[in-house]
Amino acid sequence: MKIFNFSAGPACLPEAVLKQAQRELVFYGESGMSVMEMSHRSADYEAIIEKAEMDLRQLMSIPDDYRVLFLQGGASLQFSMVPINLMTTHGRAYYIKTGAFAKKAIEEAKKVGEVLIPASSEDKMFSYIPNMTKDMFSASADYVHITQNNTIYGTRYSKLPDTNGLPIVSDMSSSILSEKISVRDYGLIYAGAQKNIGPAGLTVVIIRDDLLGKAPKNTSAMLDYKVQAENGSMYNTPPTYAIYIAGLVFAHLIKNGGIEAIEAYNKKKAALLYDYLDSSALFKPTAEKKDRSLMNVTFVTGDAELDKKFVAEAKAQGIVNIKGHRSVGGMRASIYNAMPVEGINTLIEVMKQFEKKA
Ligand SMILES: *Cc1c(COP(=O)(O)O)cnc(C)c1O
């Protein structure tokens, strides 16, 4: 039976990429060794990491005055690195509270400075993105932090708030490379790789040059963006194999039409699923229509027992990892770039059958 993996992360990767990695696993090119065995300072590896960065720059049209960093520690370490490095002029920053990861980011930032929360969607179980206006932001703060796509609650920003000139710092873990964004609109973007980029263990940071060098003097070298940038992400050994796989994913996206093509595909996949959910008498989508995520589709039957039964039945038919996050229950279909439309169609078929029987 064909298995479709709807996991929220680590998540499915393009089959073509996995097969290429398999072909190159033992001997990479003419090197006579595996990428896993290479010195990160070797010419062969230099070529791999440089191409990965170049391809990511091409995909996202990253301007020249932005650095690309390949770090470790997951998006969660960025919850700390962002305030340590950037909450340093005014000692305060705005955080928009739109879900569980935003809350974690807030908790870490509070250890560094003052956190201001001008908008939250906690009142309705984080089912929407709050409205924001320019007058909510005063200039005497260092940045505005947002979670671009809320992985657990299935919402996303379809337009950015007007932050009154403050740089936007965005946690893009679950939506990077899924649709066109303008890097220029952000001061810093970060993303754990394991949703839309590659294997866990790699974190991508895209930072504007003028935001480097703002960390206090006593900051650990590993936590200082400037140190990481000056050393080309090689202050220490980077996650070499994860960067290699990420590079294969970037090249795969370019080969298949870039961000425009994958965005159209993602919108088509999401529309198929939401259209069905909107028409279903049994399953209900939980996110507000205007803020629906293209990557994580959350829904419920309204009956926890029935949800559980559906998750089990779906699994028996090859639809796996569709259970909602432990904090919210229900179902969540994570439909990242690498999820084929066949997976969506199969899921809808299984839901239709279940609905008929229920
Ligand atoms: C998965 C996720 C995280 C946590 O990422 P780690 O790499 O496990 O630290 C943070 N933010 C968002 C939006 C996520 O989807």
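The exchange below concerns the two domains and the ligand surroundings of a predicted model.

Reader: What kind of model is this, and how are its residues numbered?
Author: This is a predicted model, in which local features need pLDDT of at least 70 and side-chain atom pairs count only at pLDDT 80 or more, while totals for chains, interfaces and linings use all residues. Residues are numbered from 1 along each chain as its sequence is written, and side-chain values use heavy atoms, with hydrogens and water left out.

Reader: Where do the bounds of domain 1 and domain 2 lie?
Author: Domain 1 covers 16-255 and domain 2 covers 258-357, bounds that come from an automatic or database domain assignment.

Reader: How many residues does each domain give to the contact?
Author: With contact meaning heavy atoms within 4.5 Å, domain 1 gives 24 residues and domain 2 gives 25 residues.

Reader: How many salt bridges does the rule find across the interface of domain 1 and domain 2?
Author: A salt bridge requires a side-chain nitrogen of Lys or Arg within 4 Å of a carboxyl oxygen of Asp or Glu, and the rule finds zero of them across this interface.

Reader: Why is the approach of D171 to the ligand called a polar contact?
Author: A polar contact is a pair of N or O atoms within 3.5 Å; because a nitrogen atom of the ligand is 2.6 Å from an N or O atom in the side chain of D171, the pair meets that limit. For Q194, an N or O atom of the side chain is 2.9 Å from an oxygen atom of the ligand, and for K195 a polar side-chain atom lies 2.7 Å from an oxygen atom of the ligand.

Definitions and conventions
Polar contact = N/O pair within 3.5 Å; in protein donor to acceptor, adjacent residues only side chain to side chain.
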